[in-house]
Structures are given as structure tokens and as C-alpha cells.
Amino acid sequence: MANDILVLADHLRGQLSDTTLELVGKAKELAGATGGQAVVALLGDPGLAGQIAGADAVLTMDHPALADYTPEAWDRALLHIVNERQPRLVLIGNSTIGMDLGAGLSAGWNAPLVAYTVGLAAEGAEIVATAQVYGGKLLAEVVLSGERGICTVVAGSFPAAAGGGSPAAEAVAPPAGLDDLRTSFLTLVEPDSGDVDITAAEILVSVGRGIGSQDNLDDVQELADALGAPLSASRPVTDAGWLPKTRQVGKSGLKVKPKVYLTFGISGAPEHLEGMRDAELIIACNTDANAPIFDVAHYGTTLDLFDLVPAMTETLG
Ligand SMILES: Cc1cc2nc3c(=O)[nH]c(=O)nc-3n(C[C@H](O)[C@H](O)[C@H](O)COP(=O)(O)OP(=O)(O)OC[C@H]3O[C@@H](n4cnc5c(N)ncnc54)[C@H](O)[C@@H]3O)c2cc1C
């Protein structure tokens, strides 16, 4: 209803994303301030409703066309729910799917969209969103003063909802438009999984452009082997083909959360930080004392990586 905050549940193959619970936590906080409820729209997999802890209510919509994501079906389903409930704000994860849906909903519901949101606060009757612009180099504060708004929210921006039991699930009848679609889901093509899964590693040794060339990777690989860790990398390293794309950390790579993230020759651009800033312990080696990686690192050194790496390997050996 008018003051509710609606979260779109993000899920794939029966797996709810972490982002969903992060959005629920923020929705609960905002709804508390605006006098509404935190309501989740769960399209296509009603069985997941029990996992959405912390929300006040879950609206499920089940239909064969929603079982797998297609923009046309999900757009129609979400627009139907939003038109019925008229929430104050809709929160969607800023994933590839979320970016698709956010734009479609903005046009269909005639509501402003704030993409790349990383902060949200209620200030009186207004909701203020902080959003990344220019790939995260600048932050913009956007006031959502009208009756409706949409934010697509960057993963990891808020802590997950604290829990508090499973909310009541209410089934919403699918709109007739779902029986008359021009597109249908064929198959999900997943990338080759022949490589190591860096998102599952407890320690990562990550290399950046400072490594200089592919030949220099051997030294760092030796250190990684001594630590029992896989190598990961910043984008220039994977763009150059020195390591496979499956090792890239960041905005257009993978999000990692290891116990230890050790970086060599990575400057700490916002797009890289987006993928690793939640690591429990960040240790950075960069010859430039002003490199932004030191803003997030717990420990850092300005030693030359070509001196430090062999010395560390020797010490560990
Ligand atoms: C839409 C978009 C998406 C992007 N997605 C990603 C992404 O997913 N992941 C990602 O990483 N980037 C991404 N980028 C690129 C990002 O903006 C940066 O260009 C990139 O992260 C820089 O990589 P780097 O730190 O390795 O290189 P640089 O910024 O060139 O930094 C190299 C660092 O190495 C240090 N160095 C040099 N020699 C030594 C030495 N001998 N010893 C120690 N330190 C040394 C230097 O001081 C420097 O700080 C994206 C950009 C855009 C626009």
C-alpha cells in the first residue's frame, strides 16, 4: 500500500540471492520510518517464500512463464503487482536481470528509477538514495519526493535482514498477459566451469596490472601455491589474457568474500573494490602510497612486489 517498500526477490535455480535479504533488511528499516510494511514480490518459485526472513509479507506469483527469467514475463508480472499494491518504493538488485526489470518497470509504472544505488535513507516524507555515477567514481544523492520510485541496488550495499521468522505468504493471481507472450525461455547457457571457483576460496592472491607481464605471474603463482590459494586478478590482467576471465574480481567479474585477500599491483579502482571490499582481511602491496586500495586494506606495504613476493614464498617454504 501507499507507504510500503516492495522488494523483488532475486533467485536462480532454486537459490535465493544474498541481495534479496540485504534489500529486505533495508526495506524493513525504511518501512519503519515511513509507516509502511516491507513486502517481497516472489515471482516463479513460491517454495522460496519460507527463506525470506525479516519481511512483513511475501507476495508469490506462480505461472509456468515465470519459472525461468524472461524480461517480458517478469516485467508484466512485476508491473501487475506494483499496480495493485502501489508501494512507495520498489527495490530491485542491480544485477543484469534487475537492470532489465528496473528500466521496464520505470517506463510501465511511470516512476523515476535510480540505478546503482548504494545508500538509502528516509528523511521526513522523502527517501534519499545515494547512487554511483561514472562507474563509481562519483556518488550522487537523489531525492525521491514523489509518491513512487524504484531503486536498483548494488549487491553488498546493506547488511542482510536480521531474520525474525518466516512472513506470511499471499498468492497473487497472475495477470492474463502471461498467457499471451511473444518470448519464451529456451535454455540457460552457463559459462565453462572448468576453472577454479574463486568465490569459494578462503585465501586469494590477486594480481593487477602492476605485475607487468604474463611471465611475471610465475613468481606470484609460486606464492599462491605455498599459501594453498588460487590466483585472482583485476580486469586488465584478464583482458590481456594472462589469466582466464573466471579469475576476474569486480564489477564485471566475480564478487568474492575470502578470509584473506592479498593484492599485488592493484590500484583499487571502484570497479575492483566492488568485488572484494567484503573480504575479512585485505592486505595490499602497491608502490604508490596514494593508491586507493590502501583505503580499504587492513594492512599494506609500498614495497615493490618483485622484492616482496619471492621473499614471502621463501619464508613460507
Ligand atoms: C564498466 C566497467 C567495469 C569494470 N569492471 C572491472 C572489474 O570487474 N574488475 C576490475 O578489476 N576492474 C574493472 N574495471 C576497470 C577498473 O576501472 C580499473 O581500470 C582496473 O581495476 C585497474 O586495474 P589495476 O588496479 O590492476 O591496474 P592499475 O589501475 O593500472 O593499477 C596498477 C597498480 O600497480 C601498482 N604497481 C606498479 N608496479 C608495481 C610494483 N612493482 N609493485 C607493487 N605495485 C606496483 C601501481 O602503483 C598501480 O597502482 C571496470 C571498468 C569499467 C568502466
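Student: How do you know that the ligand sits in a pocket?

Tutor: A molecule sits in a pocket if more than half of its atoms lie within 2 Å of the grid points. A pocket is an open set of points on a 1 Å grid over the protein atoms alone, with protein on both sides within 12 Å along at least five of seven lines. The ligand passes, so it is placed in the second largest pocket. The model is predicted: local features need pLDDT of at least 70, side-chain atom pairs 80 or more, while totals for chains, interfaces and linings use all residues. Residues are numbered from 1 along each chain, and side-chain values use heavy atoms, without hydrogens and water.

Student: What makes the pair of Ser252 and the ligand a polar contact?

Tutor: A polar contact is a pair of N or O atoms within 3.5 Å. A polar side-chain atom of Ser252 lies 2.7 Å from a ligand nitrogen, so the pair qualifies. Backbone atoms take part too: Gly253 lies 3.2 Å from a ligand oxygen, and Leu305 lies 3.0 Å from a ligand nitrogen.

Student: Why is the pair of Asp56 and Lys28 called a salt bridge?

Tutor: The rule asks for a side-chain nitrogen of Lys or Arg within 4 Å of a carboxyl oxygen of Asp or Glu. Asp56 and Lys28 meet at 2.5 Å, N to O, so the name fits. Asp56 is in the loop between strand 4 and strand 5, Lys28 in helix 1, 28 residues apart. By this rule there are 10 salt bridges.

Definitions and conventions:
Polar contact = N/O pair within 3.5 Å; in protein donor to acceptor, adjacent residues only side chain to side chain. 1 Å grid on protein atoms, 1.4 Å probe; cavity = no way out; pocket = protein on both sides within 12 Å on 5 of 7 lines; lining within 4 Å. Helix = DSSP H or I, 4+ residues; strand = E, 2+ residues; numbered from the N terminus.
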